[in-house]
Amino acid sequence: MPAGVQSRRAARVREVADIALAIRTENLTKIYDVGWGRQHVGIEELNLEVETGQIFGLVGPNGSGKTTTLKLLLGLIFPTSGAGEVLGEPMGDPRSKNRVGYLPEGPYFYEHLNAPELLRMYGSLFGMGGAALDARIQELLELVDMWDRRDYRIADYSRGMLQRVGVAQSLINNPDLLFFDEPTSGLDPIGAKDIREVILRLRGEGKTVFLCSHLLKEMEPICDNIAILSRGRLVTEGSVAELLRGDRLRYRLELREPDEELLAKLQGNAEEVLWLEETCRLLFADRQAAFDAAAQAEDEGGYVLAAGPDRRTLEEVFIDAVGEVSVDASDL
Amino acid sequence: MRAIFRVARATYYEGWRKRFLNGILVFAILIIGSSWVFTYLQPGAELKMLIDVGLGSIRFFGMLIAVFLGSRLVPDEIEKRTIYTLLSKPVTRMQFLLGKFFGGLATVVSNMALMGLTFYIVFMIKAPQFAQPTEDSPAYKMEFMYENIAKAVLLSFFEMAVVMGIAVVASVVFSWILAAIFSFFVYFTGQMSEFFGHLADPDTGASPVARVVLLTVYRVLPHFENFDVRESILTDVPVIWSYVGMTIGMGVLYITIVLALGYLFFNQREV
Ligand SMILES: Nc1ncnc2c1ncn2[C@@H]1O[C@H](COP(=O)(O)OP(=O)(O)OP(=O)(O)O)[C@@H](O)[C@H]1O
Ligand SMILES: [Mg+2]
């Protein structure tokens with residue numbers, strides 16, 4: 001390791017000494033060689049820090065490098081450059097495996113087994129056995145609602161059943177750190193809700209959950225921190241609250257089809273006016289201005305739909321962030 | 001050890017689920033089981049025919065299974081993504097590779113054992129008549145016959161273990177199709193490794209460069225012909241244990257080297 005990187009890392013360690021980090025990457029880069037001199041960017045210069053005990057969401061469009069990041073952290077593939085640490089060990093180090101759980105994208109297992117046999121095999125790899133393992137298996141299969149169907153062979157599973165058993169196997173060793181790649185894909189709405197509850201419960205137990213998904217509506221309510229990837233690059237990151245608030249918190253007033261006269265009066269104090277179908281959204285710099293405008297609109301016969309802090313949805317943040325990158329890329 | 005055993009056991013049962021392997025096994029058993037039919041077609045050479053077809057089939061079909069199973073063990077894990085959950089658990093790549101190898105080998109050996117059993121039954125039914133002289137052939141002594149056949153089958157287990165090791169390792173380096181072709185190629189050239197040795201003799205008049213190449217080929221190739229003891233069986237000469245032990249020892253050494261090489265590749269390999 002070059003001296004520069006080492007001293008920079010030492011500085012970082014001092015900086016964050018009081019926060020335990022479950023994962024850290026430094027300029028992590030993966031370029032896939034696809035033959036005939038062609039290359040695909042997996043991820044480029046990724047710097048991430050995931051604190052212990054949080055739910056961290058890595059989001060990004062298809063092919064943005066989410067699965068690549070997970071596989072690198074798990075040592076399934078190797079970086080082109082850069083480094084990473086998982087639970088204090090270099091990524092891929094066998095020592096961290098006992099404390100890690102992984103649900104791969106579209107998981108699949110040995111077909112001749114049924115769910116309890118599969119979990120018994122995996123459990124025994126961690127040195128578990130006997131009645132304790134049997135109890136753990138039943139607990140996990142009940143958790144993912146597969147206990148009633150425990151006799152089914154994996155070969156006969158539906159997509160969602162595989163996903164459920166995939167979640168169960170990732171928890172067999174009661175890990176401190178979980179990697180979930182698209183955990184709710186293939187699940188029905190109830191199954192997806194169950195998994196979200198499992199994830200929240202894990203955080204409650206002090207565990208760290210690293211989630212990859214592009215289902216922003218699912219991620220928004222459960223993640224503490226989010227990083228957005230686009231084309232292998234980190235475009236934004238921060239706590240969900242920060243991201244949704246934007247650079248500064250503004251206040252919004254929404255009216256249903258205000259007439260031109262009213263709109264002209266209110267517009268003066270507003271910073272921005274947006275039309276979303278029949279809804280007119282006015283954005284104000286502070287709370288007072290927004291509520292004054294609301295009172296005025298009410299007085300003058302306008303139809304106020306809502307007034308309050310202007311929080312964006314994660315989807316809006318995402319489209320903003322990813323859209324910018326696409327424009328940048330086309331400029332090249 | 002536990003990890004190797006777990007992977008091996010799962011691999012063994014998965015191996016039995018491969019339809020085309022079941023097909024090969026059924027076909028082999030049919031051929032071996034009906035080999036006594038062929039002996040009627042060849043009066044005078046009945047015993048030779050029986051042993052050729054029987055032991056030959058065990059080796060040939062065992063080899064087919066070893067190559068086709070071996071070259072797909074690791075690629076299938078990657079293709080089906082079963083490897084991800086496994087390698088994220090406390091299973092090192094070395095343990096994974098050894099588990100795949102031993103599990104696959106257990107499948108091959110049990111397949112061959114079934115073929116061997118079929119052959120033994122056919123032979124036991126048929127053999128007493130060879131001890132009797134007929135118009136066109138004298139009686140065989142049949143002194144060492146049964147023991148020799150058991151040793152031949154044992155040798156072919158280890159022969160297929162070598163084939164399997166080559167196939168598994170080749171599949172880590174190449175695609176499975178290329179690995180299968182490569183394994184067949186090594187198997188068939190390895191049948192005549194002595195021939196390369198002879199070509200490298202100074203008195204064959206080969207150029208020095210050619211001799212170095214031939215000698216290298218001779219040294220690197222597994223000497224599969226050593227595993228073939230049909231000559232001794234037919235002449236009813238005992239196949240001595242020290243020969244069996246030596247041949248098996250060479251095979252095990254070969255497998256160890258091949259697997260060690262395979263590990264070096266697999267450790268770098270992305271999955
Ligand atoms: N084995 C591989 N060989 C070559 N390129 C690859 C390989 N795996 C991924 N890539 C490329 O790396 C980029 C990132 O892929 P990755 O699978 O990490 O995306 P993702 O964010 O997980 O996407 P998705 O949401 O579709 O799962 C893509 O451009 C992809 O083409
Ligand atoms: Mg992915």
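Trainee: In this predicted model, how many of the 29 residues of H7(B) are buried?

Mentor: Helix H7(B) is largely enclosed by the rest of the structure, and that comes straight from its burial count. Out of 29 residues, the number buried is 23.

Trainee: And what distance does H7(B) reach from its first C-alpha to its last?

Mentor: At 1.5 Å a residue, you'd expect 42 Å for this helix of 29 residues. The model comes close to that expected figure, with a reach of 42 Å.

Trainee: Let's pick a residue in there. Is Glu159(B) buried or exposed?

Mentor: Glu159(B) sits in helix H7, which covers residues 145-173 of chain B. Buried means under 20% relative accessible area. Glu159(B) has 0% relative accessibility, so Glu159(B) counts as buried.

Trainee: Which side chain makes a polar contact with the side chain of Glu159(B)?

Mentor: Leaving out residues up to four places away in sequence, Glu159(B) touches Tyr187(B), Gln191(B), Phe224(B), Phe227(B) and Arg59(B). For the polar contact, at 2.6 Å, the partner is the side chain of Arg59(B).

Trainee: Over to cysteines. How many disulfides does the structure hold over all chains?

Mentor: A disulfide needs two cysteine sulfur atoms within 2.5 Å. Counting over all chains, the total is zero.

Trainee: Which cysteine sulfur is nearest to that of Cys212(A), then?

Mentor: Cys212(A) is in no disulfide, and the nearest cysteine sulfur is 10 Å away. That sulfur belongs to Cys223(A).

Trainee: What is the relative accessible area of Cys280(A)?

Mentor: Cys212(A) counts as buried at 0% relative accessibility. Cys280(A) is buried too, and its relative accessible area is 0%.

Terms used:
Residues are numbered from 1 along each chain as its sequence is written. Chains are lettered from A and ligands numbered from 1 in the order in which they are written. This is a predicted model: local features need pLDDT of at least 70, side-chain atom pairs count only at pLDDT 80 or more; totals for chains, interfaces and linings use all residues. Side-chain values use heavy atoms; hydrogens and water are left out. Helices (H or I, at least four residues) and strands (E, at least two) are DSSP runs, numbered from the N terminus. Buried means under 20% relative accessible area, exposed over 50%, partly exposed in between (1.4 Å probe, protein chains only). A polar contact is a pair of N or O atoms within 3.5 Å; within protein, one must be able to donate a hydrogen and the other to accept it, and residues adjacent in sequence count only if both atoms are side-chain atoms. Contact means heavy atoms within 4.5 Å. The expected span of a helix is 1.5 Å times one less than its number of residues.
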